[in-house]
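The following note sets out a few points for the file. Please read them beside the model.

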Amino acid sequence: MSRRIPRPKVEVQSIRNSLLWSLLRERFFLGGVIVLLIVVVPALLAGVIAPYKDYLAPVGPLNSPPSAKYLLGTTGFGQDVFSQLLFGTQHTLFVATVAAVLATLIGLAIGIIAGFMGGIPDAVLNFLTNTFLVIPTFTILLLIASIVHHPGLQLEAVIIGAFSWPWGARAYRSFALNMRSRDYVTVARLNGMGGLSIALTEIMPQMLPYIAIMLVMTLNGALMADVGLDAIGLGPGNTITLGLMIGYAWGWGALVYNWWWWWMPPVVVIILVATSLTAIAIGMDRVFNPRLRGA
């Protein structure tokens, strides 16, 4: 009868509680979360608080500046900018979030398999990752978006997510390479656990803080990719996003005629979201990274 080898005792729960408490006291993280909530909550409530639910319909005079009736003015087509901003923020965040989650899942699967298994699987997946890294991602996105004429929000998210995983995969591979020689992984092997089981139960939990940081950074990148595609007219054609608002304002001369209320609100929202996500990632890194902890 075989005897199972006991795992080294690690006070995982107390460590996690300590890190969580440190995270809640981290100024960068808290500041980023507060700013992000200020933007996200109204966007999620767009269907309730937007003055005009049909954000593409003309509702007032053309190019009207902000007023009591139109809080952020109207576009060159008489559409309410405030309503478009709320729904546009909601749609842009949807695309960026789905793309970031998809990219994280792909990168996580490839990184862990490559780093944990080593050998031929590592060589093949590492080659695939490096190949994608040297391909100009935004150029590929431009090519695909131009072929798929005016993709929907869901398809646009899948397209962005499918090409946003390589940096994450490389980072997860490095982490898995480091983890596979740890004592508790060796004990798990000696106890007969399979590779998938070890990856899910022994390695993944140790990577959660790192995965969270990478997810936030990927979300920021997906946001910029979505805004870029939409602003140059390769995004969805039957809805509104922050990038589409900028693209329409640019295309119809808002910058030339100084109709600032048309293009400035989406630009401000994009800056706020990108800055808040960066602050959140910095705060998480300062807490989770042992080299920066206490700096």
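1. Helices (H or I, at least four residues) and strands (E, at least two) are DSSP runs, numbered from the N terminus. The model is predicted: local features need pLDDT of at least 70, side-chain atom pairs count only at pLDDT 80 or more, and totals for chains, interfaces and linings use all residues. Residues are numbered from 1 along each chain as its sequence is written, and side-chain values use heavy atoms, without hydrogens and water.

2. An unreviewed UniProt entry lists residues 241-261 as one "transmembrane region", and residues 28-52 are also among those listed; such annotations may be inferred rather than shown by experiment. Residues 241-261 are 57% helix and 0% strand, with end C-alpha atoms 16 Å apart. For residues 28-52 the values are 84% helix and 0% strand, and the end C-alpha atoms are 36 Å apart.

3. L37, V41, L44, L45, V48 and I49 make a nonpolar surface patch of about 560 Å². The elements giving two or more residues to this patch are α2 (27-44) and α3 (46-49), and α2 has the largest share, three residues. V41 lies in α2 and is partly exposed (20% to 50% relative accessible area, 1.4 Å probe, protein chains only), at 39%.

4. The second largest pocket has a volume of about 310 Å³. Among its 16 lining residues, S164, W165, W167, T218 and G221 are the closest to its centre. Lining residues have an atom within 4 Å of a point on a 1 Å grid, and a pocket is an open set of points with protein on both sides within 12 Å along at least five of seven lines, for a 1.4 Å probe. The helix α10 gives the most to this lining, with six residues.

Conventions: Patches are made of residues with over 30% relative accessible area and no salt bridge: like charges are joined within 9 Å, nonpolar side chains (Val, Leu, Ile, Met, Phe, Trp, Tyr) within 5 Å. Accessible areas come from the Shrake-Rupley method with a 1.4 Å probe; for residues, only the protein chains shown count as cover. A salt bridge is a side-chain nitrogen of Lys or Arg within 4 Å of a carboxyl oxygen of Asp or Glu. Grid points are joined across faces, edges and corners, and a volume is the space filled by probe spheres set on the points.
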